[in-house]
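Welcome! Here is a short guided tour for anyone meeting this structure for the first time. Take a look at the display, and then we can walk through it together.

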Amino acid sequence: MKVLVTDPIADAGLERLREAGHEVETAYDVAGEELLSAVADANALVVRSGTDVSREVFEAASDLVIVGRAGIGVDNIDIDAATDHGVIVANAPEGNVRAAAEHTVAMAFAAARSIPQAHVRLKAGEWAKSDYLGTEVNGKTLGIVGFGRVGQEVAKRLGNLGMDLVVYDPYISEERADQFGAELVEELDACLTRADFLTIHTPLLPETRGMISDDELETFGDGYIVNCARGGIIDEPALAAAVEDGTVAGAALDVFEEEPLASDSPLADVDDIILTPHLGASTEAAQESVAVDTAEQVLAAFDEEP
Ligand code: NAD
Ligand code: MLT
C-alpha cells in the first residue's frame with residue numbers, strides 16, 4: 001500500500017509503516033494541484049494541521065482508505081466528504097494532550113509575567129525591571145472553556161498551583177467537574193465574569209467559531225486569555241482591540257484563524273499579546289506518540305480491523 005505523508009511526523013511513525021512493508025512517500029508543504037496529483041494513487045494520507053484535506057482531495061484519491069491525523073483536531077479535514085467517499089478519518093487523541101496542557105500553562109505564566117517582552121528588551125541591552133509588575137496565579141480564578149482531555153490536564157496543573165477552577169462545557173457532567181475540584185457553570189458569561197485567567201480548549205466547530213468576541217471580552221474584562229486550542233474560536237480583531245485599549249490585560253495565542261499567521265495580522269502589533277507558531281504539541285514525546293498511534297491506525301485500516 002502507498003502512504004502519503006504531507007506534514008512532518010516523527011520518524012518512529014514512518015518506520016512503523018515501512019516495517020509493515022508499505023511504501024511511504026513524504027511530500028511536505030504541497031497544496032493545490034500538487035497535492036491532488038501526489039494523493040492520486042495513495043491508499044492512506046497522513047497529515048497534521050498543515051494540510052487542507054478538502055473534498056477535492058477525496059475526489060482525486062480514488063484508492064484512499066484512511067486519512068490519519070497525527071494529532072487531535074480534525075478541522076482541516078472535510079469529514080462529510082470523507083464519509084461520502086467511504087474514507088476513514090482517524091486522529092490520535094491522547095499522545096499530545098499533556099504537551100498541549102503544559103504549553104497552555106507556560107503561556108499563562110508568560111502572559112502574566114511578560115516574560116517574552118522582558119526577554120526581548122534584555123537581549124537588546126535594556127534592563128527594564130521597573131516596567132514589569134506581574135500577576136500571580138495563586139489565589140486567582142481560572143475559567144476553563146472546554147473540559148475535555150486538555151482542559152482537564154490544565155485544571156490539574158493550575159489547580160495545584162493554587163487557582164480556583166470554574167468550567168464551562170455544556171457536554172460534561174457536574175460529577176466530572178467535581179472530580180477535578182472545579183465548579184461547572186451553565187452559561188459562558190458566568191465563567192467569563194468569574195475568571196481572572198481564561199483558557200480555551202474546545203474544538204473549532206460552527207458552534208464555537210467566534211464564541212469569544214467583543215461582548216465576551218467586555219464581560220471577561222481585566223484578565224489574561226490563553227488559546228492553545230484552535231484559531232477562529234476567539235475573534236482576532238476583537239481581541240487585538242480589547243488588549244490594545246486595556247479592556248483585557250493580555251493574551252497568549254498558539255493557534256490562529258489563518259496559519260501561518262499573516263504578517264499584517266492585528267495581533268502582531270499588540271505588545272501584551274504573546275504568540276507562538278502552533279507549538280502546543282511540539283515536544284519530542286508527543287510527536288513520537290502521535291506518529292506511532294497514527295501509523296497503528298493506518299495499519300489497522302489496511303487490515304480492515306476496527
Ligand atoms: P476533547 O475533545 O477531549 O475536548 C473538547 C471539549 O470541548 C469537550 O469536553 C467538549 O464537550 C467541549 N466543547 C465542545 N463544544 C463546546 C462549547 N460550545 N462550549 C464549551 N465546551 C465545548 O479535545 P482536547 O483533546 O481536549 O483538545 C482541545 C482542543 O485543543 C482541540 O481544539 C484540539 O485540536 C486542540 N489542540 C491543540 C494543540 C496545539 O498544538 N495547540 C494540541 C492539542 C490539542
Ligand atoms: C492538534 O490538534 O493535535 C494540534 O493541532 C497539534 C498539531 O498537530 O500541531
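Let us begin in the segment after α12, which is where glutamate 304 sits. Keep in mind throughout that this is a predicted model. Glutamate 304 has a positive phi of about 55°, although it is not a glycine. Its relative accessible area is 74%, so glutamate 304 is exposed.

Serine 114 also has a positive phi, of about 50°, and it is not a glycine either. You will find serine 114 in the loop between α5 and α6 (115-123). With 14% relative accessibility, serine 114 counts as buried, the cut-off being under 20%.

These backbone details are worth a pause, because most residues other than glycine have a negative phi, and most peptide bonds are trans. A peptide bond to look at next is the one from glutamate 259 to proline 260, which is cis, with omega near -5°. Proline 260 belongs to the loop between β11 and β12 (273-275).

**Two helix pairs**

Two packed helices are described by the angle between their axes and the distance between the axes. The table gives these values for two pairs.

| Helix pair | Angle between axes | Distance between axes |
|---|---|---|
| α1 (residues 11-19) and α12 (residues 284-302) | about 25° | 7 Å |
| α5 (residues 97-112) and α7 (residues 149-159) | about 50° | 8 Å |

Start with α1 and α12, which pack at an angle of about 25°. That angle makes α1 roughly parallel to α12. The crossing of α1 past α12 is right-handed. On the α1 side, the contact is made by Ala12, Gly13, Arg16 and Leu17, and on the α12 side by Glu288, Ala291, Val292, Ala295, Glu296, Val298 and Leu299. Sorted by character, the residues of this contact of α1 with α12 are seven nonpolar, one polar and three charged.

Now turn to α5 and α7, which pack at an angle of about 50°. This makes α5 oblique to α7. Their crossing is right-handed. From α5, the residues Val97, Arg98, Ala100, Ala101, Glu102, Thr104 and Val105 meet Arg149, Val150, Glu153, Val154, Arg157 and Leu158 of α7. The residues of the contact of α5 with α7 divide into seven nonpolar, one polar and five charged.

**The nonpolar cores**

Which residues of the largest nonpolar core touch the most other members? They are Leu198, Ile212, Ile225 and Leu239, in a core of 31 residues. At least two residues of this core come from each of β7 (164-168), α9 (188-194), β9 (197-200), α10 (214-220), α11 (236-244) and β11 (250-253). Helix α11 gives the largest share, five residues.

Leucine 198 is a good place to zoom in. Not counting residues up to four places away in sequence, leucine 198 touches Gly143, Val145, Cys191, Leu192, Ile212, Phe220, Tyr224, Ile225 and Val226. There is also a second, separate core of 30 residues, and its members include Ile144, Val167, Ile172 and Ala252.

**Three buried residues**

Glycine 68 has its place in strand β4 (residues 66-69). Is glycine 68 buried or exposed? Its relative accessible area is 0%, so glycine 68 is buried. Leaving aside neighbours within four places in sequence, glycine 68 is in contact with Leu45, Val46, Val47, Ala90 and Thr294. Its C-alpha atom is separated by 11 Å from that of isoleucine 9, and these two residues are 59 residues apart along the chain.

Aspartate 169 is in the loop between β7 and α8 (174-179). With a relative accessible area of 11%, aspartate 169 is buried. Apart from neighbours within four places in sequence, its contacts are Gly146, Phe147, Gly148 and Leu184.

Phenylalanine 256 takes us back to the loop between β11 and β12. At 7% relative accessibility, phenylalanine 256 counts as buried. Which residues is phenylalanine 256 in contact with, leaving aside its neighbours within four places in sequence? They are Gly231, Glu236, Leu261, Leu267, Leu275 and Thr276. For a sense of distance, the C-alpha atoms of phenylalanine 256 and valine 39 are separated by 27 Å, and the two residues are 217 residues apart along the chain.

How values were computed: Residues numbered from 1 in each chain as written. Chains lettered and ligands numbered in written order. Predicted model: local features only at pLDDT ≥ 70, side-chain atom pairs only at ≥ 80, totals over all residues. Heavy atoms only, no water. Core = buried A, V, L, I, M, F, W, Y, C linked by side-chain atoms within 4.5 Å. Buried < 20%, exposed > 50% of the residue type's maximum accessible area, 1.4 Å probe, protein only. Helix = DSSP H or I, 4+ residues; strand = E, 2+ residues; numbered from the N terminus. Contact = heavy atoms within 4.5 Å. Axes fitted to C-alpha atoms, helices over the stretch in contact; angles between N-to-C directions. Parallel < 35°, antiparallel > 145°, perpendicular 65-115°, else oblique. Left-handed = near helix turned anticlockwise from the far one by under 90°. Nonpolar A, V, L, I, M, F, W, Y, C, P; charged D, E, K, R; others polar.
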